[in-house]
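Trainee: Could you walk me through reading salt bridges and cavities in a model? I'd like the general idea, then the case at hand.

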Amino acid sequence: MSRVAPVVAQPGLGAGPAGPGPAARGTHPETTLTLRWRAPFRVDLARTLGVHRRGAGDPAFRAEHSGAVWRTSRTPHGPATMRVTASETGRAGEAGGAGGATTVIASAWGPGAAWLLVSLPGLLGADDDRTGFQPAHPLLAELDRRYRHLRIGRSGRVLEALVPAVLEQKVVGAEARRAWRYLMLKFGDPPPGPAPAGMRVFPPARTWARIPSWEWHRAGVEGVRARTVIGAARVAGRLEEIVAMTPAAADLRLRSLPGIGPWTSAETRQRACGDADAVSVGDVHLPGAVGWALAGRKVDDAGMLELLAPYAGQRHRAARLVVLSGIRPPRRGPRMAPRDYRAI
């Protein structure tokens, strides 16, 4: 069993709440809450939390050379900043044969600090269930051994996962990251506590819904993606409910919104819900990578789903292992060029 120490205030900085209840709403921005958790598995901070990072300049994410990770989030109780470190404490073969254990120490600040800390085990994959994932394909089995500490966590924050996914629709990564950074710096709130310079907290839903058209244009976001974000922000409360739904129901609710298709739904559920089966159908590169790794040929979405069918319930896990391997089909033709909507 994992052991989670109580969320407590750092000595000398005042009393803090003991959990993510109503008291957390009034936490002073400079009060430091701390959490010490002995995870019964090895925690790979870089890979587990890295899926929430939107480029090297993401205002909501910082990684130190030491391996520590800073994140900001707008929790149900308000904004929060968190710094997380992890150190191995077990020996290989302990903790149920998962390759040891990890001591996770986190500090957090702001009205949502307690909520963020109590949610940290889930974010690091404590609820990740690998049941039934026994890859028969030799390469996939090797990748599973190589990345045996990979876990799929859940942030529990749907709009925070959805907005950057929408910005990434049908554009190159650099273009989406530029838009995300501009909007976060322009409309995000200053983070509570001693966050690194340049960090921001995800804006509230009402702010996303009121961003004027000219600011979307300055961010390089055309009308379709802007309207999709605005529409999602207007029903944010309903969207946040999907973390307690079945994967099928969560997918149905997300895709009921104009502009949200299977790719955006999957990318959102992977991060917010920790859905290990959410395949990013419609991705430009994923089918080619999966096809090349598992069949030695490029395939389309239908071919990718056929190759992943033996791993039903764990298809995202299998696809993620392929992505981590770096295996790609030979490149033929030029890269997709960025489009700058700001010049239109």
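**Salt bridges and cavities**

Mentor: The structure holds 20 salt bridges, a salt bridge being a side-chain nitrogen of Lys or Arg within 4 Å of a carboxyl oxygen of Asp or Glu. This is a predicted model, where local features need pLDDT of at least 70, side-chain atom pairs count only at pLDDT 80 or more, and totals for chains, interfaces and linings use all residues. Residues are numbered from 1 along each chain as its sequence is written, and side-chain values use heavy atoms, leaving out hydrogens and water.

Trainee: Which residue forms a salt bridge with D128?

Mentor: The general idea: side chains of opposite charge can pair when their charged atoms come close. Here D128 pairs with R317, with the closest N and O atoms 2.7 Å apart. D128 sits in the loop between α4 and α5 (138-146) and R317 in helix α16 (residues 315-325), so the pair ties together parts 189 residues apart in sequence. Helices are DSSP runs of H or I with at least four residues, strands are runs of E with at least two, and both are numbered from the N terminus.

Trainee: Are D128 and R317 buried or exposed?

Mentor: Both D128 and R317 are buried, meaning under 20% relative accessible area (exposed is over 50%, partly exposed in between; 1.4 Å probe, protein chains only). R225 and E175 are buried as well, and they form a salt bridge with the closest N and O atoms 3.6 Å apart. There's also a network of salt bridges linking D251, R255, R269 and D275.

Trainee: On to empty space: how many cavities are there?

Mentor: Rolling a probe the size of a water molecule over the atoms shows where empty space is left. The count here is 3 cavities of 30 Å³ or more. A cavity is a set of points, on a 1 Å grid over the protein atoms alone, where a 1.4 Å probe fits but cannot get out; lining residues have an atom within 4 Å of a point. Volume is the space filled by probe spheres set on the points, which are joined across faces, edges and corners.

Trainee: What lines the largest cavity?

Mentor: That cavity holds about 170 Å³ of space. Its lining has 15 residues, with H52, R71, E160, A161 and W180 nearest the centre. Helix α6 gives the largest share of that lining, 3 residues.

Trainee: And which residues line the second largest cavity?

Mentor: Among them are R71, S73, W115 and R157. The volume of the second largest cavity is about 50 Å³.

Technical notes: On a 1 Å grid over the protein atoms alone, a cavity is a set of points where a 1.4 Å probe fits but cannot get out, and a pocket is an open set with protein on both sides within 12 Å along at least five of seven lines; lining residues have an atom within 4 Å of a point.
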